[in-house]
Amino acid sequence: MSLIPWLRWNEAPSRLSSRRPAELVLETLMMELAGQMREAERQQWERGNAVRKICTGVDYSWLASAPRPTYDLSPGERLQLEDVCAKIHPSYCGPAILRFRQLLAEQEPEVQEVSQLFRSVLQEVLERMKQEEEAHKLTRQWSLRPRGPLALATFKTRARISPFTSDIRTISEDVERDTPPPLRTWSMPEFRAPKDD
């Protein structure tokens, strides 16, 4: 017996998965939906058996088991769900599955309701992705905004405030033009250049 197959555990895998992450997310989410639908169908069948056992008082399940009808998604609904699943980012796949399982445990839906519950969870995840993307975009815009003296210089060029110039004509304009400006107090700067005599 050769030990070579046993010693290969530390070698690198010969071939990495050639599938894209979006395909893996799609497959994972759809497998989760199929598994949860089977589980909901099993629970629904067990509840039906318990009700029949209570109503009749006799358990004939050991005698013959009728084939259980299986619920399947329509092709259109499956394609719609696959389309929504393809939009989910891989980092949101795990939280989506956890939220789906949590809602199933809380509500215990019928088999027909599982796909609508799954769709609502996917819509929640897409909304959360959109909100986080918008917040990230705003953060990126804020961090790329110029700061310091450059920002002040751009502000100064955009808005010039001249409190002593006005386009509004006044009645006493001629009088104001001929009188010298009042001397300012020592704490106020002089805004006009001195006139040369």
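In this predicted model, E108 sits in the loop that joins α3 (93–107) to α4 (111–144). The backbone at this position deserves a second look, as E108 has a positive phi of about 45° although it is not a glycine. For context, most residues other than glycine have a negative phi. With a relative accessibility of 52%, over the 50% mark, E108 counts as exposed. Exposure does not leave E108 without partners: beyond its neighbours within four places in sequence, E108 is in contact with R47 and L103. The C-alpha atoms of E108 and Q43 are 8.9 Å apart in space, while the two residues are 65 positions apart in sequence. A positive phi also turns up at G57, the residue that follows α1, where the value is near 80°.

Stepping back to the chain as a whole, the secondary structure consists of six helices and zero strands, so that the order of elements from the N terminus reads α-α-α-α-α-α. Of the 197 residues in the chain, 17% are buried. The accessible surface comes to about 16800 Å², and carbon and sulfur atoms account for 59% of that area. Among contacts with a separation of 6 or more, 79% are between residues 24 or more positions apart.The interior is best approached through the largest nonpolar core, which has 27 residues. Within this core, L29, L33, I88, F100, F118 and L122 touch the most other members. Two or more residues come from each of α1 (21–56), α2 (75–86), α3 and α4, and α4 gives the most, with nine residues. Such a grouping is in keeping with a general trend: in soluble globular proteins, nonpolar side chains tend to be buried together. L29 offers a good view of how the core is joined up. Leaving aside neighbours within four places in sequence, L29 is in contact with C85, I88, C93, A96, I97, F118 and L122.

Two of these core residues also share an aromatic contact. A search of the whole structure finds one aromatic pair, formed by F100 and F118 in an edge-to-face arrangement, with 4.9 Å from centre to centre and 65° between the planes. The pair links distant parts of the chain, since F100 belongs to helix α3 and F118 to helix α4, 18 residues apart. Both rings belong to buried residues: F100 has a relative accessibility of 0%, and F118 has a relative accessible area of 2%.

The helices that supply the core can now be taken one at a time. In α1, 36 residues at 1.5 Å a residue should span 52 Å, and the end C-alpha atoms are indeed 52 Å apart, which agrees. The buried residues of α1 are V25, L29, M30, E32, L33, Q36, M37, A40, E41 and N49. Their cover includes α2, α3 and α4.

Helix α2 has 12 residues, and here too expectation and model agree, with a span of 16 Å expected at 1.5 Å a residue and 16 Å between the end C-alpha atoms. E77, L81, V84 and C85 are the buried residues of α2. Viewed down the helix axis, these buried residues fall within an arc of 100°, so they line one face of α2. That buried set packs against α1 and α4. On the face turned away from the buried side, α2 carries the exposed residues P75 and L79.

Helix α4 has 34 residues and reaches 50 Å from its first C-alpha to its last, close to the 50 Å expected at 1.5 Å a residue. Buried positions in α4 are V111, V114, S115, L117, F118, V121, L122, V125, L126 and M129. What covers them includes α1, α2 and α3. F118 and L122 thus tie several of these descriptions together: both are buried residues of α4, both are among the core residues that touch the most other members, and both are in contact with L29.

Conventions:
Residues numbered from 1 in each chain as written. Predicted model: local features only at pLDDT ≥ 70, side-chain atom pairs only at ≥ 80, totals over all residues. Heavy atoms only, no water. Helix = DSSP H or I, 4+ residues; strand = E, 2+ residues; numbered from the N terminus. Buried < 20%, exposed > 50% of the residue type's maximum accessible area, 1.4 Å probe, protein only. Contact = heavy atoms within 4.5 Å. Core = buried A, V, L, I, M, F, W, Y, C linked by side-chain atoms within 4.5 Å. Areas by Shrake-Rupley, 256 points an atom, 1.4 Å probe, with all protein chains shown as cover. Phe/Tyr/Trp six-rings, centres within 6.5 Å; stacked < 30°, edge-to-face > 60°. Expected span 1.5 Å × (residues − 1). Arc of directions from axis to C-beta.
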